[in-house]
Amino acid sequence: MAEKREYRMEELARLAGITVRTLRFYRERKLIPPPRREGRIAWYDDHHLNRLRTITALLERGHTLSGIADLAEAFDHGRDVGDLLGVGAPTEEEPVHLTPEELADHFAGEATPENLAAAMELGYLGTDGDEIVHISRRLLDVSSALVREGIPLAEVLNAARQVRTHADALAELFTGLVLRHASESDLPRLRPLARSVVEAELSLAMDRRMPRNG
């Protein structure tokens, strides 16, 4: 395991490519966590360095300091990866670890504090140290594709909230069906069948709503 590094204020500012005055300003605005104090000396670590580099990257992408402060607060108070996924919970979804800069790149400037808070409320996002965790690679890829097609992320998240309600009802229906005729231990084995039924029915429903030629 790599040894944890710590830095004095001047060294941290140099490594982050900012001035000591800027570093003090960021600390006063609570954009970075407080340093560890040893007497009158303040010690910073790689967590602070990564946060400073993130702030610089977000500023370059057009985010305001006020917005970054909201993002920082959300990161610091967001659920961690264990809460997000549920310790030991079975899942077919692959979580994705992202830096804040990578998350911003996925959503073309729409990773706003409001959208971040909505995604956290839905349980899509959590934190793992300095990284953000998205609960599902498939959901991340689909939502970013929709945003690239010109659909606002806020509307994508609102639709996801409505889909969640219907998905919970479908899961309850299938679980009840299995438990009436089989055992709980059969649920993981039969789970792909439920997904296939839902995918087929959604495909047929979309067919019924597609414009017909002629």
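**Exercise 1. Leu 125**

Leu 125 has its place in strand β5, which covers residues 125-128. Working with this predicted model, decide whether Leu 125 counts as buried or exposed, and find how far apart Leu 125 and Pro 95 are in space, C-alpha to C-alpha.

*Solution.* Begin with the relative accessibility of Leu 125, which is 4%. A residue is called buried when its relative accessible area is under 20%, and Leu 125, at 4%, therefore counts as buried. Then turn to the pair: Leu 125 and Pro 95 are 30 residues apart in sequence, while their C-alpha atoms are 9.7 Å apart in space.

**Exercise 2. The protein as a whole**

State how many helices and strands the secondary structure comes to, what percentage of the residues is buried, and what percentage of the contacts with a separation of 6 or more comes from residues 24 or more positions apart.

*Solution.* Counting the elements gives 10 helices and six strands. Of the 214 residues in the protein, 34% are buried. Finally, taking the contacts with a separation of 6 or more, residues that are 24 or more positions apart account for 67% of them.

**Exercise 3. Helices α7 and α9**

Describe how helix α7 (residues 113-122) and helix α9 (residues 153-181) are placed with respect to each other, and say which residues meet.

*Solution.* Two packed helices are described by the angle between their axes and by the distance between those axes, so both values are wanted here. The axes of α7 and α9 come within 10 Å, and they cross at roughly 15°. Because angles under 35 degrees count as roughly parallel, α7 is roughly parallel to α9. The crossing of these two helices is left-handed.

The next step is to list the residues in contact. From α7 come Asn 115, Ala 118, Ala 119, Glu 121 and Leu 122, and these meet Leu 153, Ala 154, Leu 157, Ala 160, Arg 161 and Arg 164 in α9. Sorted by class, the contact of α7 with α9 has seven nonpolar, one polar and three charged residues.

**Exercise 4. The covering of α7**

Determine how many of the 10 residues of α7 are buried, name them, and give the sign of phi for the Gly 123 that follows the helix.

*Solution.* Helix α7 is mostly covered, since seven of its 10 residues are buried. They are Pro 113, Asn 115, Leu 116, Ala 118, Ala 119, Met 120 and Leu 122. After α7 comes Gly 123, and its phi is positive, near 90°.

**Exercise 5. Helices α1 and α3**

Carry out the analysis for helix α1 (residues 9-16) and helix α3 (residues 46-60).

*Solution.* The axes of α1 and α3 come within 9 Å and cross at roughly 40°. The two helices are therefore oblique to each other, and their crossing is right-handed. On the side of α1 the contact is made by Leu 12, Leu 15 and Ala 16, and on the side of α3 by His 48, Leu 49, Leu 52, Arg 53 and Thr 56. By class, this contact of α1 with α3 has five nonpolar, two polar and one charged residues.

**Exercise 6. An aromatic pair**

How many aromatic pairs does the structure hold, and is Tyr 26 buried or exposed?

*Solution.* The structure holds one aromatic pair. It is formed by Phe 25 and Tyr 26, with 6.3 Å from centre to centre and 50° between the planes, and it is tilted. Looking at each member in turn, Phe 25 has a relative accessible area of 35% and is partly exposed, whereas Tyr 26, with a relative accessible area of 6%, is buried.

**Exercise 7. Lys 30 and Ser 144**

Locate Lys 30 and Ser 144, and work out how each is covered.

*Solution.* Lys 30 lies in the loop between α2 (20-28) and β2 (36-38), and at 65% relative accessibility Lys 30 counts as exposed. Most residues other than glycine have a negative phi. The phi of Lys 30, however, is near 60°, a positive value in a residue other than glycine.

Ser 144 has its place in helix α8 (residues 137-148), and at 2% relative accessibility Ser 144 counts as buried. Once its neighbours within four places in sequence are left aside, Ser 144 is in contact with His 106 and Phe 107.

Conventions
Residues numbered from 1 in each chain as written. Predicted model: local features only at pLDDT ≥ 70, side-chain atom pairs only at ≥ 80, totals over all residues. Heavy atoms only, no water. Axes fitted to C-alpha atoms, helices over the stretch in contact; angles between N-to-C directions. Helix = DSSP H or I, 4+ residues; strand = E, 2+ residues; numbered from the N terminus. Parallel < 35°, antiparallel > 145°, perpendicular 65-115°, else oblique. Left-handed = near helix turned anticlockwise from the far one by under 90°. Contact = heavy atoms within 4.5 Å. Nonpolar A, V, L, I, M, F, W, Y, C, P; charged D, E, K, R; others polar. Phe/Tyr/Trp six-rings, centres within 6.5 Å; stacked < 30°, edge-to-face > 60°. Buried < 20%, exposed > 50% of the residue type's maximum accessible area, 1.4 Å probe, protein only.
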